[in-house]
Amino acid sequence: MTTSRPFLDFPNRFADGRVPRAVIFGAGHGSTYAGKGSSGHALAADAIRAASQDDAALVEHWDFDLCGPLFDGKPICCVDAGDIPTTLHDNGGNRARIETKTREVLALPAIPILLGGDCSVTIPFLSGFADHGPVWILQIDAHIDWRDEMHGERHGYSSPMRRASEMPHVAGIVQVGLRSVGSARLPDIEAAQHYGSRFVTAREVHAEGVEAALRHIPEGARVVVTLDCDSLDPSIMPGVAARTPGGLTYTQVIDLIAGLGRRAKIAGFDLVELYPPADIDGLSALTAARLLVNVIGTVVRQV
């Protein structure tokens with residue numbers, strides 16, 4: 001259950017019956033591995049909401065990230081619907097609830113914005129787009145998440161892109177921010193390459209800019225973005241479960257989001273893997289909140 005105030009104090013619905021442009025909702029638990037917990041990740045959505053509060057009174061002020069106010073001089077068009085109920089280890093039930101909520105938002109129609117949770121919540125989120133394809137996926141992550149199964153679970157946090165590659169409505173996958181070592185073995189890399197996933201390492205972005213990733217997205221495509229917080233460098237995003245040096249900068253990520261908004265259309269967005277117990281002075285939650293502001297601002301400016 002949501003315990004903090006809504007993101008930027010957004011309403012949970014519009015009193016005049018307007019359909020929102022985007023709907024934020026949280027999901028604390030997805031498909032957890034046996035013997036593992038996700039209680040730390042379940043704190044993420046409220047940590048992000050809390051970090052946004054200092055800016056709640058400033059939504060009409062000039063935002064230099066967006067070259068204008070958040071809603072571009074128009075009325076607020078985003079709501080925060082709070083968290084959907086999820087339960088640790090109720091893997092099938094959690095997936096069903098996340099997918100159902102995603103479908104409900106898309107039916108409004110509005111753009112769903114999911115705050116996780118570990119990245120197992122991404123699988124049902126993407127499943128919710130089954131009647132709204134084709135979509136491309138832009139995964140911003142240090143890892144490829146292409147394991148077929150771990151500990152007997154095929155829908156856990158090491159498998160989102162593997163499961164996405166099996167969804168008929170997914171037209172292609174671009175994975176950016178990759179670096180260091182994770183759970184992927186050689187067969188997982190080969191499976192991703194055989195599928196046709198485009199790998200873009202963090203080093204390539206540092207050397208060539210965000211165009212290293214954007215050039216793989218077809219112009220005009222509908223794109224679901226999944227942003228794992230460990231894609232960013234731990235100097236600005238320490239609140240993750242596996243800190244890895246050499247990550248993307250804040251500016252690179254918001255440039256990637258803005259560039260995507262100009263080249264294609266953001267159809268959905270999730271932010272996952274924020275781990276508040278490892279945060280330092282709220283820095284990660286603040287960075288995540290600002291990333292979410294940039295996503296909303298980009299969505300508002302889409303034609």
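I began with residue Gln-175, which stands opposite Phe-199 in β6. I then followed the chain, which runs from β5 by way of α5 to β6; this β-α-β crossover is right-handed. I note for the record that the model is predicted.

I next looked up how β5 and β6 pair. Strand β5 covers residues 170-178 and pairs with β6 in the parallel sense, over 4 bridges. I checked Val-174 and found that its bridge partner in β6 is Arg-198. I then turned to the helix of this crossover, α5, residues 186-195. Helix α5 packs on the sheet and touches β5 and β6. I recorded an angle of about 135° between the direction of α5 and that of β5.

I then asked in which order the strands of the sheet lie. The sheet is open, has 8 strands with parallel pairing, and reads β2-β1-β3-β8-β7-β4-β5-β6. I identified the edge strands as β2 (78-83) and β6 (198-201), each of which pairs on one side only. I noted an average twist of 15° from one strand to the next.

Finally, I examined helix α1, residues 44-51. Which strands does α1 lie across? I found β1 (22-27), β2, β3 (111-116) and β8 (265-272). Helix α1 runs at about 140° to β2, which I had already entered as an edge strand.

Methods
Residues numbered from 1 in each chain as written. Predicted model: local features only at pLDDT ≥ 70, side-chain atom pairs only at ≥ 80, totals over all residues. Heavy atoms only, no water. Pairing = 2+ DSSP bridges. Helix = DSSP H or I, 4+ residues; strand = E, 2+ residues; numbered from the N terminus. Axes fitted to C-alpha atoms, helices over the stretch in contact; angles between N-to-C directions. Contact = heavy atoms within 4.5 Å. Right-handed = clockwise from strand over helix to strand, strands pointing away.
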